[in-house]
Amino acid sequence: MMRGIFLYLSICFLVLSAKAQLKSPEEFLGYKIGSRYTPHWKIVNYFNYVAANAPASVKLQQYGETNEGRSLLLAFISSSENIQQLESIRMNNLRLANLAKDKAAPSEENAPALVWLSYNVHGNETSSSEAALMTIWALVDPSNTRTKEWLKNTVVIIDPCINPDGRDRYVNWFNSVVGKNANPLRISREHREPWPGGRTNHYNFDLNRDWAWQTQVESRQRIKVYNEWMPQIHVDYHEQGVNEPYYFAPAAQPYHDVITPWQRDFQVTIGKNHAKYFDANGWLYFTKEVFDLYYPSYGDTYPTYNGAIGMTYEQGGGGAGGAAVINDEGDTLTLLDRATHHFTTSLSTIEIASLNAGKLVKEFRKFFNDAVSSGTGEYKTYVIKNNLKDIERIGSLLDLLDKNGIQYNAGSGSGKGYNYNTGKEESFSMNNDILISSLQPRSAMVKVLFEPKGRLVDSATYDITAWSLPYAYGLTGYASRDRLNAGTTITKRKVVNEETNYGYVIPWNGIQTVKTVGQLLQKGILLRFSENPFEVNGNKFDRGAILVLKTANKSLGNNLWNEVRKTADANNVKLFSVTTGFVDKGYDFGSDKVHPFKAPKVVLLTGEGIGSNAAGEIWHFFEQQIDYPIMLVNVSDIGRINFNETDVIIMPDGNYKFLTDKVQTEAFKEWINKGGRVVALEGAVGALSKAEFGIKIKKGDEPEKKDEKETYEVLKKFEERERDFIPTITPGSIYKVELDNTHPLAFGYPDYYYTLKMDDNVYDFIKEGGWNVGVIKKDNQVAGFVGSKLKNKLKDGLVFGVQQMGNGTISYLTDNIMFRNFWENGKLMFCNAVFLVGQ
Ligand SMILES: [Zn+2]
C-alpha cells in the first residue's frame, strides 16, 4: 500500500515537473529543427503535446482531414484571458465585420487583433512547417516574455500545414533518396524531385489557386473555419527558386482596385518591420516585385478581398532545396536557414500586429461598414437569370456563393444594366431571378467575382486575368448600377420523382445529370440519347436528352424504375416520365437519330511528360464530382494497354513522346480506326497535330505593311526587358466561341460558349472528315488581357472540333475546359466528349 502511494506521488511529481518544463520542438522530437525534415505526423504530435501541456494559452482544433487521411489542424495561441473567452472574441470579430447572425453591437475597444499564419500550402516548400514548430514554441515558451506581451492584444492562429499530403510526398521521397550526409550539389538526385512532385495535393491540385473556388477538400474545410474567424492579417508561407532572396510585403502591381489605401499602406508597415530584422542579420530580400494581388483564389488575395492584410512570403528553397544546397552565388542554403527566415517574419508579423492591434481592428470594421453602406465599385446589383435550362449551373453557382459567405436573394420586376452576353446596356425584366447586391459585407469579393471586365493597372500578372462568374458558369446575367429590390430568399430545388410504367427522359442539363447518367450506366442500364429536339407528353426536350426505356434493360425487370428514381433523387435530378415512344414532334424513340450507349471504359494517360495539374483535374473530376470509374495509365505504358477493353482514352495537356514512335503511333491509330474514342486537350492537340492526325495549328497572319511604330519596335530599352514578352501572351482571358450545338460535343449549350484562352494557339478549320464545333470568328475577346501581337492571331480559328477516323473519333479540346475545375461551364462539354461523341 505504502509502495503504491509512493508510486502515485512520484507519477504526480513527474507530470507536474513535465508541465513546468514545457519541451521545445528539439527536446520533444530529439533533433534540432532544420537538421532534418519533420514528417507531418510528428508535427501533429508536437502541436497536440503543446496544447495538452499549455492549455491556458493554446487551443487546438482539428478542422478536417485530407484525401489521404491526414489531420488538418489549427492552433489558437494567446494570453490565458483571451483563450478563456475565445468564442466571444470570435463572435465579436464577426460582429465587427457585419457577419454575425445575432446583430448584437460589437465592441471595438478591447477586441484583439487576429493573426492567421498558414504554412506549407505547397507541399514541397517544406521549410515553412518547420518554421511553424519554431513559431508556436516561441509563443508558448515560458521564458519568452516578449511574445507574452504581444499575446495580450493578439490572437495568433497557426495552421502548421495546409497540404500534408503534398508535404509528406516530398518528405518521404527526400528521406528515401538522401545519403548519410546531405549533398548540396544540385545535380545530385535529392534535389531532383520526380513527377508529379509534392507541390500539389493528392489530386495534383495547387491549393494556392483554390481559395475562392474550393474545389478541393482541404480548401473547403479550411475556408469554412476561416470565414467563421475572419482574421485581420493572413500570411501564406511559400518557397521559390534556390537563388532568390527572401520576398515579403508590399506586393507587386497589379493590385486589384478593391484593395483599400489602408491595406496597401499596412503592407509597407509590415515590410519595414521585417526589413529591420533582415538588415540586422545581413539577409537579402526584395519587395514590390513579381507577386501581385489580382487573381482572387490565392492565400494573399482571398484574405485581402475579405478585409484582411493578406500576404505571401517567399523563401528560396522549394523542391530543389534539399537539406542544403549551393546556390549560384556559391553560398550554402540550409533547411535551418530557410526555416529561420520564415520564423523571423512570423514573429515580426505578430509583433507589428500587436503594436497596431487597435488600428487593425478599427480599419477592419471600417472595411465592412463601408461595404454594407455603399458597396464596392460602379455596379450595385448583379442579376442572374433563373432559367429552367440553367438549373444545374445555377445550383453550382449558389453553392459557390454559399462557400464564400456571399448573400443573395430572389427578385422580380424590371431593371437596366450591362448584359454580359451582348456587352451592351439593356433593359431587362426579372421573374424570381437571382440578385447579388454589392451592398453586403463581402462586397469586395462580389465585385471581384462578378464584374464583367476587371481593370488591370499592369499586365505583367502572375496568373489569369479574367474569371467573371456569368462567363465561367455559362449563365445569362446583368450588372446594374441600380440597387434593385430583392424580395424573397431563394429556396433551392428539391426533386422527388414520380413513378413511370413506360420510361423516363432526363434533360442533358449539367454535371448532376452526368453523375446520374454515369451511375445508371455503371448499374448496367443501357441508355439512349436523342440527337434532335423532340416533344412528347406535352414536354419539350433539347438535343442530348437521355432516354431510359425497357428495351435492352429487361433483365432488371420492375426494379429498373426504382433504380433510376433512387439514383436521380439522390442527385436531385428531375426525371420526366413518358407513356409512349410516339413523339409529337421530332424523331420517335426507335429512330436511328436516337443513339443507345453503354458505360464506356475510360483510361486517363498520366505520368512523366503529362501536365500533372491537367491530369489531376480530370482524375478529381471523375472521382469526386461525377463518381465514375477511371483508370490512370502511365503514358510510358501506352504499348501495354489492352485496347480491346478500352473505349475512351483521355489525353490531358502533355508532350506525348510516343507519337514520335512509328510503331506505337500506328497501334494507336489502329485502335481509333476500330472505334476507339480519343479526348485530347491543349498540348495533346498540338502533339497529335505534329504527328499528322489531321488537325493543324493556325499560323499567325503576317501584317502586310509595317507602320512607323512597328518599324521601330525592335529598338527597345534594356530596362524594360521583362515586359518584352507581354505583347505575345494571353494570361488567361475570355473569348466568345461560336458553337455548332447540333453536334453532340456541344449538346446542352446555347450556340456560344465563353472559353478561358490560356495560350496563343487556335487551329485551322477542319476541311473534311470532321466538324468545327467551336470556332472563334473575328476578334471575339470579351474580358481579360491579351498581348497586342496576339490579337491578330487569335481569330478565325478552331477551338473545339471532332475528327472522324475510321469507326473512331478524336475530340479536340484546344483550351483547358477543366481549368482548376472552377470553369464550371466547360465540364459538360468534356462529358459530351467522353460519353456522347462517337456513339
Ligand atoms: Zn509556393
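This passage looks at a helix pair, a buried aspartate and a loop threonine in a predicted model.

The helix pair comes first. Helix α10 covers residues 261–281, and its partner, helix α13, covers residues 357–374. Their axes sit 11 Å apart and meet at an angle of about 155°. Angles over 145 degrees count as roughly antiparallel, so that label fits α10 and α13. The crossing of the two helices is left-handed. As for who touches whom, α10 brings W262, Q263 and F266 to the contact, while α13 brings K359, L360, E363 and F367. Sorted by class, that contact between α10 and α13 holds 4 nonpolar residues, 1 polar residue and 2 charged ones.

Next up is D433, which belongs to strand β15, residues 425–437. Is D433 buried or exposed? Its relative accessibility is 2%, and since buried means under 20%, D433 counts as buried. The side chain of D433 is joined to that of K385 by a polar contact of 2.7 Å. Setting aside neighbours within four places in sequence, D433 is in contact with V383, I384, K385 and N386, and also with N409, A410 and G411.

Last comes T551, in the loop that runs between β21 (546–549) and α18 (559–570). Which residues does T551 touch, once those up to four places away in sequence are not counted? The answer is L526 and R528. Along the chain, T551 and L526 are 25 residues apart, yet their C-alpha atoms are separated by 8.5 Å.

How values were computed. Residues numbered from 1 in each chain as written. Predicted model: local features only at pLDDT ≥ 70, side-chain atom pairs only at ≥ 80, totals over all residues. Heavy atoms only, no water. Axes fitted to C-alpha atoms, helices over the stretch in contact; angles between N-to-C directions. Helix = DSSP H or I, 4+ residues; strand = E, 2+ residues; numbered from the N terminus. Parallel < 35°, antiparallel > 145°, perpendicular 65-115°, else oblique. Left-handed = near helix turned anticlockwise from the far one by under 90°. Contact = heavy atoms within 4.5 Å. Nonpolar A, V, L, I, M, F, W, Y, C, P; charged D, E, K, R; others polar. Buried < 20%, exposed > 50% of the residue type's maximum accessible area, 1.4 Å probe, protein only. Polar contact = N/O pair within 3.5 Å; in protein donor to acceptor, adjacent residues only side chain to side chain.
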